[in-house]
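Visitor: Before we get to the labels, can I have a look at the thing itself?
Guide: Sure, here you go.

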Amino acid sequence: MGRKDGSITLFLALVLTLVFSLCFSLLEAARVQALRELAQRKLLLNLESVFGRYNSELWEQYGLLFLDAGNKFAELDVALLEGRGMEESGLAQRGAGFYRMAMKDLQVTEYALATDDGGAVFEKQACAAIQAQLAAGAAELIKGKLDGGKKMAKESEELQKQWESAKNAMSQAEEIEQEKERVEWDDGEGAGVLSGGKTEGISVGNTGNLPENPLDSVDVLKSSLTLNLVVEDPSGISSKAIPLSDTLSNRRKEQGNLKLPDEGGLDKLWFLQYLNRYFSCGSGSAKQGGKAHALEYELEYCVAGKSSDYENLEKTVKELLLIREAGNFTTIMQDSKKQALALEIATAAVGFTGVAPLIYAVKIGILLAWSYIESILDVRCLLSGGRVALVKAVSDWKSDVSVGEKALDKKAEKTESREDGLDYREYLQILLLLVREETLAFRAMDIIERNMALKQRTFRMDCQIHGVQAVGLYTAFPLFLGFITTQKTDDGLYHFRGQGSLMYK
């Protein structure tokens, strides 16, 4: 019986066609599904590649990871990132492959900037940078001292009220004395009036061997240029300055639109440690940070926020004097001899009034005046590199209250300092702790921005991107023929949409 080759070959051909068509359709369907998932992965890879172009100088100098999206006009231009992403994608598409796809479009829909949330984005990175360098308990080591200093700063406000009360008491005593003189004159008792207009037996100043009342002289000191009192050579103070009108706090800032997850409050102590490590101050350079400085006294700028180094140092020193005055007042209130002497001087000055509250107010004023003179010597010691305890022992008192203002003739020596005390930078941390957190963050960014702009003229902190949300459109050619029903566009290509976010830690 003969073979029927034609009919068998045609049947097999039809069967094989159906089988291969089904196989290729399944294969293409699996490929399309993989391409859809791959689009998501490729978008993240593209973003990671773009984020790999972080500002290297900012990282090297300040340990901060931000992506610079500023153009040559120092304006935020997100299109620059989109262009970089397309460029990176184009490099990755060279060659052929089973899952080859091309990026057709990239759009950054949302972004977070360093200056967002009142500077919290920048502060978060700063804290992460310092925590990676210091031991876990480093911030806690100084916490007790800073808390003590913060308490003293609050006490100094109350002491300033008592100082004003003491001056008012002296004024009231003078008014009482003048009124008494007028009455005596009207009653014909002018025989007791001296040529200088003072009644015999009444003194508002020096009496016998008592030291001079320091209220007036210290009041003059408080209203004079403080730097002349604490800096040995005022001509050596930095003359650098920056225009405040162009700082972050005063100019119109770019704002991001990416809502970041709430990770709880930041520990300000760590932020202070960051500033201490990266910012210079009146006592010298920082351990890290940039070499070029728009202002020499960077920590003082964070305290005062003035345009020039001179103004920042002046205001910082004034605040330091008030803190030291509070600490010294605590010390002098433990010294019964100085309190007794202050009472004698106060009694000699206003005791003729017979008003006990006036005498007490002047006594407190005298103690405050002595404390302020001691504070000037303390700040001199700090600026010379020494250390001063928040509350000194009575035996550590340096000034001689018997000579009043002449005690300032004594030069500060570093050897006078106590090893268990705080140095100048640690006292600055107390002052920084008193600055509102958002204000402090923006002042810190002002410093970084100005220093970076010395090399990168168009650098702006509000052009530094921390994270983005992006959408990418990818296309791919069909690879296998079959009865696949995946939707295609008119251009005959598959279109895939990837969506994802990426941000620096």
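**Cores, a patch and two labels**

Guide: Inside the largest nonpolar core there are 107 residues, and the ones with the most contacts within it are Phe122, Tyr274, Phe279 and Ile448. Helix H12, residues 356-383, gives the most to this core, 17 residues. Keep in mind that this is a predicted model.

Visitor: What does tyrosine 274 touch, leaving out residues up to four places away in sequence?
Guide: With those left out, Tyr274 touches Tyr62, Leu64, Phe122, Ala126, Ala129, Ile130 and Ile448. There's also a second, separate core of 29 residues, with Leu35, Val108, Tyr111 and Ala470 among them.

Visitor: Back to helix H12: serine 375 lies there. Why is serine 375 called buried?
Guide: Buried means under 20% relative accessible area. Serine 375 has 0%, so the label buried applies. Not counting residues up to four places away in sequence, Ser375 touches Leu321, Arg324, Glu325 and Asn328.

Visitor: And what makes leucine 479 partly exposed?
Guide: The label covers values between the buried cut-off of under 20% and the exposed one of over 50%. Leucine 479 has 43% relative accessibility, so it counts as partly exposed.

Visitor: Where is leucine 479 found?
Guide: In the loop between strand S3 (464-476) and strand S4 (494-503).

Visitor: How do you know that leucine 479 can be part of a surface patch?
Guide: Patch residues need over 30% relative accessible area, and Leu479 has 43%. Leu479 is one of the residues making a nonpolar surface patch of about 970 Å², and others include Phe11, Leu12, Phe98 and Tyr99.

Note on methods:
Residues numbered from 1 in each chain as written. Predicted model: local features only at pLDDT ≥ 70, side-chain atom pairs only at ≥ 80, totals over all residues. Heavy atoms only, no water. Core = buried A, V, L, I, M, F, W, Y, C linked by side-chain atoms within 4.5 Å. Buried < 20%, exposed > 50% of the residue type's maximum accessible area, 1.4 Å probe, protein only. Helix = DSSP H or I, 4+ residues; strand = E, 2+ residues; numbered from the N terminus. Contact = heavy atoms within 4.5 Å. Patch = residues over 30% accessible without salt bridge, like charges linked within 9 Å, V, L, I, M, F, W, Y side chains within 5 Å. Areas by Shrake-Rupley, 256 points an atom, 1.4 Å probe, with all protein chains shown as cover. Salt bridge = Lys/Arg side-chain N within 4 Å of Asp/Glu carboxyl O.
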